[in-house]
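Me: Please take a close look at one part of this model, the helix at the start of the chain, and then go on to the strands and loops that follow.

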Amino acid sequence: MPRPTARVLTLLELLQSGGTRTVAELAGRLGVDGRTVRRYVDRLIELDVPVESVRGRYGGYRLGPGYRLPPLMLGDEEALAVLLGLVAGRRAGLTGPQDTAAETASAKIRRVLPRHLARRLDSLLESLAFTEGPEGPEEHDTPDAGVLLTLADAVRHRRPVAVRYTDREGRRSDRTLHAYGIVAHAGRWYVTGRDTGIDEDRTLRLDRIADARALPGSFPPQEGPGPAERVVSGFATAGYRHEVTLRIQATAGEIRAHLPASVAVLEDPGGTEGQDATDGPWLRVELRAERLEWLPPVLAALDRPFVVERPAALRDLVTALADRLAASARRTSP
């Protein structure tokens with residue numbers, strides 16, 4: 001039978017889940033009577049935990065704002081989510097080098113993690129990479145914590161893993177993957193690795209994996225680019241409706257500020273015959289896109305000489321944008 005102190009902590013955890021809890025509900029969850037619930041509430045108040053009493057037919061107890069944060073009772077997945085958020089914030093530059101709050105918060109949570117969860121978290125952090133890709137979609141995708149941890153273990157120990165995957169057309173399949181790494185890119189999570197069924201490298205979205213199960217055996221370390229580079233280059237060379245080739249007279253840094261590696265592939269063609277090279281080299285830029293309308297404003301913002309080699313439809317869109325800008329520049333009144 002749980003000791004009174006353990007029940008008091010369980011009461012705190014129930015209150016931290018939000019909303020107002022009735023005395024009868026709390027008594028049932030704790031296995032005590034209503035008088036004992038009130039006694040436990042008094043003990044929390046003595047510990048400066050801001051418990052409020054709510055009167056009325058649907059009254060009970062709830063947590064209120066206090067002058068300090070009460071002890072937090074986090075489950076395994078909650079602790080994992082908090083730590084991943086702190087790590088992602090540091091990797092994304094959301095905390096400055098002098099800001100130690102994220103580090104101290106991480107240390108406090110890690111100190112009290114169960115050993116099995118701490119080991120799995122270490123596996124995840126070792127296998128995780130972040131890209132510097134474009135801003136992600138408005139709705140970011142969140143993978144299942146169990147799938148995430150299982151894949152991280154597979155990456156760390158180089159174990160095959162069986163996954164159940166749903167592709168963009170809604171087709172479901174069972175696959176065996178030699179996972180190289182986990183990558184957070186543009187608001188989504190991916191795992192990259194060798195699909196043994198087709199003997200090809202694949203990048204899978206974690207939110208589309210319904211189940212992951214480690215298999216016996218092992219596989220050799222990967223060769224070639226790292227997981228993050230594989231994911232980024234895969235986006236730049238993926239099949240889309242339009243194949244675009246440009247020549248831009250600019251440095252790679254100037255082009256990358258508007259067309260990152262996840263969007264475009266840069267190549268130095270080596271020759272500038274018929275083109276003025278006095279202002280710098282001409283680089284070939286290749287990319288694929290479902291729509292072309294976003295490219296003319298990007299080229300205008302780049303503000304460097306360029307040539308559209310293909311498709312012809314992009315030349316028409318650039319000309320139309322130039323005409324609209326010229327018409328607005330000549331306009332003297334609304």
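**The first helix and what follows**

Reply: In this predicted model, helix α1 covers residues 4-16. Its 13 residues reach 18 Å from the first C-alpha to the last, close to the 18 Å expected at 1.5 Å a residue. The buried residues in α1 are Arg7, Val8, Leu11, Leu12, Leu14 and Leu15. Seen down the axis of α1, these buried residues fall within an arc of 160°, so they line one face of the helix. A general point about helices applies here: with 3.6 residues a turn, residues three or four places apart point the same way. The cover over the buried residues of α1 includes two helices, α2 (23-30) and α3 (34-46), and two strands, β1 (51-54) and β2 (60-63). After α1 comes Gly18, with a positive phi near 105°.

Further along the chain, strand β4 (residues 161-166) pairs with β5 in the antiparallel sense over six bridges. Thr166 has Arg172 of β5 as its bridge partner. The hairpin of β4 and β5 has five residues between the strands, and Gly170 in this hairpin takes a positive phi near 85°. β4 also pairs with strand β8 (residues 209-214), again in the antiparallel sense, over five bridges. In that pairing Tyr165 stands opposite Ile209 of β8.

Strand β5 (residues 172-185) contains Arg175. The side chains of Arg175 and Ser173 are joined by a polar contact of 3.1 Å. Leaving aside residues up to four places away in sequence, Arg175 touches Val161, Ala162, Val163, Tyr165, Asp195 and Leu204.

Another part of the model is an open sheet of four strands in the order β10-β11-β9-β12, with antiparallel pairing. β10 (264-267) and β12 stand at the edges with a single partner strand each, so one side of each is left without a neighbour in the sheet. From one strand to the next the twist averages 25°. Within this sheet, strand β9 (residues 242-249) and strand β11 (residues 282-289) run antiparallel and are joined by eight bridges. Glu243 stands opposite Arg288 in β11. Helix α10 packs on the sheet and touches β9, β11 and β12, and its direction makes about 10° with that of β9. Helix α11 lies across β9 and β12 and runs at about 140° to β12.

Some loops have backbone features to note. Asp199 lies in the loop between β6 (188-195) and β7 (200-205). Its phi is positive, about 55°, although Asp199 is not a glycine. Asp303 is in the loop between α10 (295-302) and β12. Asp303 also has a positive phi, near 60°, in a residue other than glycine. Asp303 is exposed, with a relative accessible area of 63%. On the other side of β12, the loop between β12 (306-310) and α11 (312-330) holds Pro311. The peptide bond from Arg310 to Pro311 is cis, with omega near -5°.

Note on methods: Residues numbered from 1 in each chain as written. Predicted model: local features only at pLDDT ≥ 70, side-chain atom pairs only at ≥ 80, totals over all residues. Heavy atoms only, no water. Expected span 1.5 Å × (residues − 1). Buried < 20%, exposed > 50% of the residue type's maximum accessible area, 1.4 Å probe, protein only. Arc of directions from axis to C-beta. Contact = heavy atoms within 4.5 Å. Polar contact = N/O pair within 3.5 Å; in protein donor to acceptor, adjacent residues only side chain to side chain. Pairing = 2+ DSSP bridges. Axes fitted to C-alpha atoms, helices over the stretch in contact; angles between N-to-C directions.
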